[in-house]
Amino acid sequence: MEKAKITLHREFRIGAIDDRLYGAFIEHLGRAIYGGLYEPDHQSADENGFRKDVLDLVTELNVPIVRYPGGNFVSGYDWEDGVGPKSDRPQRLELAWKTIEPNLFGTNDFVDWAKKANTIPMMAINLGTRGVDAARQLVEYCNHPSGTTLSDLRVSHGYPEPHKIPIWCLGNEMDGPWQIGHKTASEYGRLAQESAKVMRWVDPTIELVVCGSSHRGMDSYIDWEATVLDYTYDLVDYLSLHTYFGNRADNTSNFLAMSVGMDAFIEEVIATCDYVQAKKRSNKKMMLAFDEWNVWFHSNQADREIEPWSIAPPQLEDIYTFEDALVVGCMLISLMKHADRVKIGCMAQLVNVIAPIMTETGGGIYRQTIFYPYLDASLHGRGIALNLNLTCPTYEDETFGLVPYLEAVAIWNPESEKLTLFAVNRNLEQGLPLVADLRDFDDYRLTQHSVLKHDNLKATNSFDQPDNVKPVYQVGGQSNGGNLTVTLPKASWNVIILQKNGMEK
Ligand code: AHR
């Protein structure tokens, strides 16, 4: 097998990783909240009714930011339903997912949960059925200190201090016909513009995310971005991107190549942001929030069979395979490779609904296969993303053309003097020998090589076999005097850590 070659150098910088790249998303959908975050009757529930076993795994993942409350749900949501005494909260028909929403968990509960999970809340507003007025009122309720009816209402609900929610999404997937209150780009652009303006008047410290396309395949793709940014460029900080992949044709080589399409998606959206910047002769660079991404397809058929109008049915409960974890690894690498422009990433979602954490209502919990690349990236992917100067063998894919067998990025952390290489070998048949020129890091040495691999691409974890797919530590790689040689097993996710001599833990 031909070798892959990379060169690691401190000056080959893509950009600093924003910690928020490793965020997640929680929606009022299926068992994400009820039976996931919140289950007052569960044996591990705390005084707020939050499952501690879930909080423990979220804490293990060190999730920096969580987007809430949707998703499609938010476009029909009246935030007032979810605050105040729980006994007074209404049950509503929830049209996005055809369920009944009991409203036993709402904005203040989420802020409480986020504190316990040590994460930043990222709040979405409803620009489907509502608009400027509800947007400004929710910011006032949450972030204004006190002395107005709405801020005092929050105080009366038991929250004397403002929540100081730092970042807000201007609706969700407003380009999609499935969205409650779907809009054309101009309709949405104007509404987002006015909402952003008054939300900032209420609290000038907040950051705002405007909706980009729901995915790269939308008919209105790119025209949507250009039009929406034309209206909002000066008022918002981030443009959103969403992507879900699936192995519907059971073609694993093609599935593993899909992150090449994610790279293209990000680069096309950056080009469009920069086009609008040029058109406006603006000094501002628009940043990106990839605030929904994951694999999602296993549960599609089962979801079609769920009867409408129940509370917290088991929707979107994908059970992830080992190959899904490889794709998630490639997607994480794609985010890191664009660290100069992608500042926020939200794995969608966090618990039960297309999620790395799976619970049983009234029962146990386990880590899905995709938990592991997400954990690795969150723990070891903080620092400065480096370009690799990569050369490696390729394969031909009918959708993506020539696809490199090696997908990789390096993150250098100058404080801890740690250099981490994240790498996926897309070759399903053979190991991939990798040689790294480390001349600029000749005082670093290999301290750890962990590998996620499995003989069965379709292997899953479960309540009975929670550790069927989990990383193992590999020995055999070598680093000396500025060279690293290592073999990446066939179909594997690899985390290769080098530390400066004397800095090893
Ligand atoms: O995450 C599931 C759904 O996917 C979200 O509600 C929506 O925004 C997207 O289409």
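**A tour of the aromatic rings**

Across the whole of this structure, a search finds 19 aromatic pairs, and since the model is a predicted one, the values given at each stop are computed from its atoms.

Begin by selecting Y68 and F105, which form an edge-to-face aromatic pair with 6.0 Å from centre to centre and 70° between the planes. Y68 belongs to strand β4 (residues 65-68), while F105 sits in the loop between β6 (99-101) and α2 (107-116), so this pair ties together parts that are 37 residues apart in sequence. If you colour by accessibility, Y68 is buried, with a relative accessible area of 0%, and F105 likewise counts as buried at 0%.

Move next to F422 and W493, whose rings form a stacked pair, 5.7 Å centre to centre with 25° between the planes. Here F422 lies in strand β19 (residues 418-425) and W493 in strand β25 (residues 492-500), so the pair ties together parts that are 71 residues apart in sequence. F422 counts as buried at 0% relative accessibility, and W493 is buried as well, with a relative accessible area of 1%.

Now return to Y68 and F105 and extend the selection to Y34, Y38, F50, F110 and W113, because ring pairs link these residues together with Y68 and F105 into a cluster.

Finish with two arginines that are placed over rings. Select R67 with F25, and you will find R67 over the face of F25, at 4.6 Å from the ring centre; then select R367 with F371, where R367 lies over the face of the F371 ring, at 5.5 Å from its centre.

How values were computed
Residues numbered from 1 in each chain as written. Predicted model: local features only at pLDDT ≥ 70, side-chain atom pairs only at ≥ 80, totals over all residues. Heavy atoms only, no water. Phe/Tyr/Trp six-rings, centres within 6.5 Å; stacked < 30°, edge-to-face > 60°. Helix = DSSP H or I, 4+ residues; strand = E, 2+ residues; numbered from the N terminus. Buried < 20%, exposed > 50% of the residue type's maximum accessible area, 1.4 Å probe, protein only. Lys NZ or Arg CZ within 6 Å of the ring centre and 35° of its normal.
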